[in-house]
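Here is a friendly walk through one model, feature by feature. Keep the viewer open and follow along as the residues come up.

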Amino acid sequence: MSRALLTIALFASVLLSVLLQSAEGAGADFSDHILQRDAATDQIPGLWLSDLFYRALNNFTLRRADGPACRRQSALYEEHLSNHTSWAVRMLESWDRYPVGLLSGNTYQMGVYDECVDIRYPLKGQYCLSEIKVIPPAGRDYSFKRTEDLDDFGNNHAWKTILGWADYQDQVPRNHFHWGICIPDGCSALDLQTSLQREFDEAFSPEQFKTVVRVDPIMCRVREDMYPYDTPYYVTWWIFFLLVLICCCATLHHLIRISYQQNTNENGEVPSTFLYEFSFIESIKTLLKFNKHDKINFFSTLKVMTMVFILYGHKLFALFSNPISNPKFMENIYLNGPAIIVTGLNIVDPFFYISGYIIHTSLSREFQKKKDESVWKALSIPIIERIIRLLPAYCAMMAITAHFVPHIGDGPLWPLRSWEEAEKCKNYWWTNLLFISNFVDVNHQCLFMSWYLSCDIQFFIIGVIVVYVYTKNTKYGIALLGTIIGLSISLPFIITLWTRRDGIDKFPLPSLLFPKNFFLLNESYRASYMRATPFFGGLAMSFVVERLKEKKVKFSQTVVHGGTLAIGTVFFLASVLRRCIL
C-alpha cells in the first residue's frame with residue numbers, strides 16, 4: 001500500500017513538473033511574441049507621413065532665414081496674412097501643406113504655379129520646387145511581399161508601402177517628393193532649403209526618421225524671364241532674321257517671274273538661279289517631287305512607317321516624363337503591359353539598316369565611274385557632301401536650343417528642361433559638329449537625340465571605305481565587311497556578358513523624369529560600337545541583293561509571302577519570349 005502511494009506521489013510530482021515547465025515555455029513564447037510585436041511597432045512611426053509633413057509645413061514661413069531681406073519680407077507676409085490681405089492669402093493657398101495620394105505615387109505636390117508668381121505687390125511671389133527625401137533609420141527592414149497586382153497590399157502597414165518601394169526600378173519611388181512652395185522673391189533657394197531642413201528635422205526626429213532637403217536655385221522662378229539676353233542671342237536673332245528676309249525676297253522675286261511668264265504666254269519653266277535656292281516655291285516643289293522609277297522608294301515608305309512608331313514612342317516618353325498624380329497605369333505597363341513599350345528603344349535600328357543598304361546603292365556606281373580618282377579624293381567627297389548637307393539644319397537647331405528655347409516657355413519645370421540644355425549646347429556644340437557627341441557624357445551632350453547623327457556619320461565613314469574596297473576588289477570587300485559585322489556582334493555580347501547588364505535597354509521608371517541620369521545611356525544606348533550591327537547588316541544585304549540581280553534570281557509569290565509570314569512569326573515569338581524574360 002505504501003509502495004502504491006509512493007508510486008502515485010512520484011507520478012504526480014513528475015506530471016506537475018512537466019506542466020509547470022510547459023506553462024513557463026508558453027509564457028516565454030507569449031512574452032517573445034509580445035516583444036517582437038512591440039519591436040515591430042517601434043519601427044513604424046506613430047503618425048502617418050502626411051501628418052508629419054503637415055506638422056512641419058502648417059505654419060511654415062522663413063522668419064528664421066539667414067538672409068535679412070528674406071526675414072524682412074517674411075515678416076511683412078505674416079503681418080498681411082494675419083489681416084487676410086489678398087496677396088498674402090494667395091501666397092498661402094498657392095501650395096499644399098497636407099499631401100494626398102502618397103500611396104498611389106503622387107510624389108509631386110505642385111501647388112498652383114501661376115497664383116504664386118502673379119503676386120507683384122508689395123513683393124513678388126517666387127515659386128520654388130524643392131526635393132525632399134525621407135530616409136528611415138539604418139538597420140530596419142521595411143520590405144514586403146509585392147505582387148503584380150498594384151492594388152494588392154494585403155495586411156502590410158502603409159509605411160511599408162512608402163519605404164518598401166523605394167528601390168524598385170519598375171515603380172515610382174514613394175519616399176522621394178517634390179514640393180512646390182511659394183515664398184517672397186527676397187528669399188534665396190538656400191534660405192528655403194535651410195528653413196525646410198530645420199522644420200523637417202523637428203517634425204521627423206521624434207520618429208527617428210531623417211529627411212534630406214534640396215532646393216536647386218534653377219528651380220526657383222518669378223514671372224519675369226530670368227534667362228540672360230546675351231550677345232550671342234542677338235547675333236543669332238539677326239542671322240535668322242536675315243535668312244527669313246532673303247527667303248521672302250527670293251520667293252517674291254520667283255513669284256513675280258512666274259506671273260510675268262504667264263502673262264506674256266511664254267512657255268517653259270522659269271530659269272533656275274542660285275537665288276531661287278532660297279525660294280519657298282522651289283523648296284516646296286523639291287519636297288513634293290516624286291520619282292516613280294526610283295528603286296528605293298520602298299525604303300521611303302518604310303521610313304515613314306518607322307517614323308510613326310518613333311513619334312508615338314517619343315510622345316509616350318514625354319507623357320511619362322512629366323509629373324503624374326497617379327502613375328499606376330505606367331507601373332502596370334512595366335509589370336503587365338506590352339514589352340515593346342518598355343524595351344522599344346531600338347526602334348531607330350531600321351534607320352541604320354536603311355542607311356547601310358542605300359550607301360552601297362548610291363556610291364558603288366560613282367566609284368566605278370571615277371576609276372582614275374585618287375583614293376583620298378574618292379573617299380572624302382561623299383563624306384564631305386553628306387556632312388555639308390546635314391550641317392545647316394543641325395547648326396540651326398543647336399542655335400535655337402541654345403539661345404531661343406529658354407525664352408519661349410514658362411513653368412515649374414521649364415528651367416530644368418530648357419536652361420540646362422541651352423548651357424550644354426553653348427559649351428559642347430563642337431562635339432556635335434565633329435559628330436562625336438555620342439562619346440561625350442550624356443550630362444554634357446547638346447541635343448540628346450544627336451547621338452543618332454553621330455553614330456550615323458561614324459557608320460557612314462566606315463561604310464564608304466567598305467564600299468570602295470568592295471568595288472575595287474569583291475573578295476577583300478566581303479572579307480572586310482564580314483570582319484566588321486563579326487566585331488559589331490561580338491563586342492556587345494562580350495560587354496553585356498562581362499558587365500552583367502540587361503541584354504535589352506529599358507528605362508526604369510525613376511529615370512523617366514530625368515533620363516540623362518540613366519547610366520546605360522552612356523554605357524549601351526548611345527555607343528556606336530553597341531549599335532553598329534543593323535547598319536552593316538543592311539550593307540551586307542545590299543551586296544546580297546546585287547548578286548541576286550546579277551544572277552537574275554526571282555522569288556515566287558509563295559516564297560515572298562511565306563518568308564514574310566515566317567519573319568513575322570519569329571518577331572512575335574521573340575516579343576513573347578522577351579515578355580516572359582522580363
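## A nonpolar patch on the surface

Let us begin with Leu 434, which sits in the loop between H15 and helix H16 (451–472). This is a predicted model, and in it Leu 434 has a relative accessible area of 55%, so it counts as exposed. Leu 434 belongs to a nonpolar surface patch of about 780 Å², where its partners are Trp 429, Trp 430, Ile 436, Phe 439, Leu 487, Leu 491 and Tyr 529. Helix H15 (414–433) and helix H17 (474–499) are the elements that give two or more residues to this patch.

## Annotated transmembrane spans

An unreviewed UniProt entry places the feature "transmembrane region" at residues 235–256, 296–313, 333–359, 387–405, 451–471, 478–499 and 558–577. How do two of these spans look in the model? Residues 235–256 are 100% helix and 0% strand, with 32 Å between the end C-alpha atoms. For residues 478–499 the end C-alpha atoms also lie 32 Å apart, and that span is likewise 100% helix and 0% strand.

## Enclosed space

How many cavities of 30 Å³ or more does the model hold? The count comes to two, and the largest cavity has a volume of about 80 Å³. As background, rolling a probe the size of a water molecule over the atoms shows where empty space is left.

The lining of the largest cavity is made by Phe 60, Thr 61, Leu 62, Ser 74, Tyr 77, Met 91, Trp 95, Arg 97, Cys 182, Ile 183 and Pro 184. Helix H3 (68–82) and strand S3 (176–184) each supply at least two of the lining residues. The largest share, three residues, comes from S3.

A useful companion to this view is Asp 185, found in the loop between S3 and helix H7 (189–204). Its relative accessibility is 32%, so Asp 185 counts as partly exposed. Asp 185 and the lining residue Ser 74 are 111 residues apart in sequence, yet their C-alpha atoms are 10.0 Å apart in space.

## Salt bridges across the sequence

A search of the whole structure finds 15 salt bridges. One of them joins Asp 114 to Arg 223, with the closest N and O atoms 2.9 Å apart. Asp 114 lies in helix H5 (residues 113–117), while Arg 223 lies in the loop between strand S5 (220–221) and helix H8 (231–263), so the pair ties together parts that are 109 residues apart in sequence. Asp 114 is partly exposed at 41% relative accessibility, and Arg 223 is partly exposed at 24%. Both residues are members of a salt-bridge network that links Asp 114, Asp 118, Arg 221, Arg 223 and Asp 410.

Now turn to Asp 456 and Arg 386, whose side chains meet in a salt bridge with an N to O distance of 2.3 Å. Asp 456 is in helix H16 and Arg 386 is in helix H14 (residues 375–403), so this pair ties together parts that are 70 residues apart in sequence. Are these two residues buried or exposed? Both Asp 456 and Arg 386 are buried.

## A salt bridge within one helix

Glu 423 and Lys 426 offer a local example: their side chains meet in a salt bridge at 3.9 Å, N to O. Both lie in helix H15, three residues apart, which is about one turn of the helix. Glu 423 is partly exposed, with a relative accessible area of 33%, and Lys 426 counts as partly exposed at 23%.

## Backbone details to check

Most residues other than glycine have a negative phi, and most peptide bonds are trans. With that in mind, look at the peptide bond from Tyr 121 to Pro 122, which is cis, with omega near 5 degrees. Pro 122 lies in the loop between H5 and strand S2 (125–135).

His 84 has a positive phi, near 60 degrees, and is not a glycine. His 84 is found in the loop between H3 and helix H4 (86–93), and its relative accessible area of 63% makes it exposed. Gln 208, not a glycine either, has a positive phi of about 60 degrees; its place is in the loop between H7 and strand S4 (210–214).

Notes
Residues are numbered from 1 along each chain as its sequence is written. Side-chain values use heavy atoms; hydrogens and water are left out. Patches are made of residues with over 30% relative accessible area and no salt bridge: like charges are joined within 9 Å, nonpolar side chains (Val, Leu, Ile, Met, Phe, Trp, Tyr) within 5 Å. Accessible areas come from the Shrake-Rupley method with a 1.4 Å probe; for residues, only the protein chains shown count as cover. A salt bridge is a side-chain nitrogen of Lys or Arg within 4 Å of a carboxyl oxygen of Asp or Glu. Helices (H or I, at least four residues) and strands (E, at least two) are DSSP runs, numbered from the N terminus. Buried means under 20% relative accessible area, exposed over 50%, partly exposed in between (1.4 Å probe, protein chains only). UniProt positions are given in the numbering used here, feature names are shortened, and annotations may be inferred rather than shown by experiment. On a 1 Å grid over the protein atoms alone, a cavity is a set of points where a 1.4 Å probe fits but cannot get out, and a pocket is an open set with protein on both sides within 12 Å along at least five of seven lines; lining residues have an atom within 4 Å of a point. Grid points are joined across faces, edges and corners, and a volume is the space filled by probe spheres set on the points.
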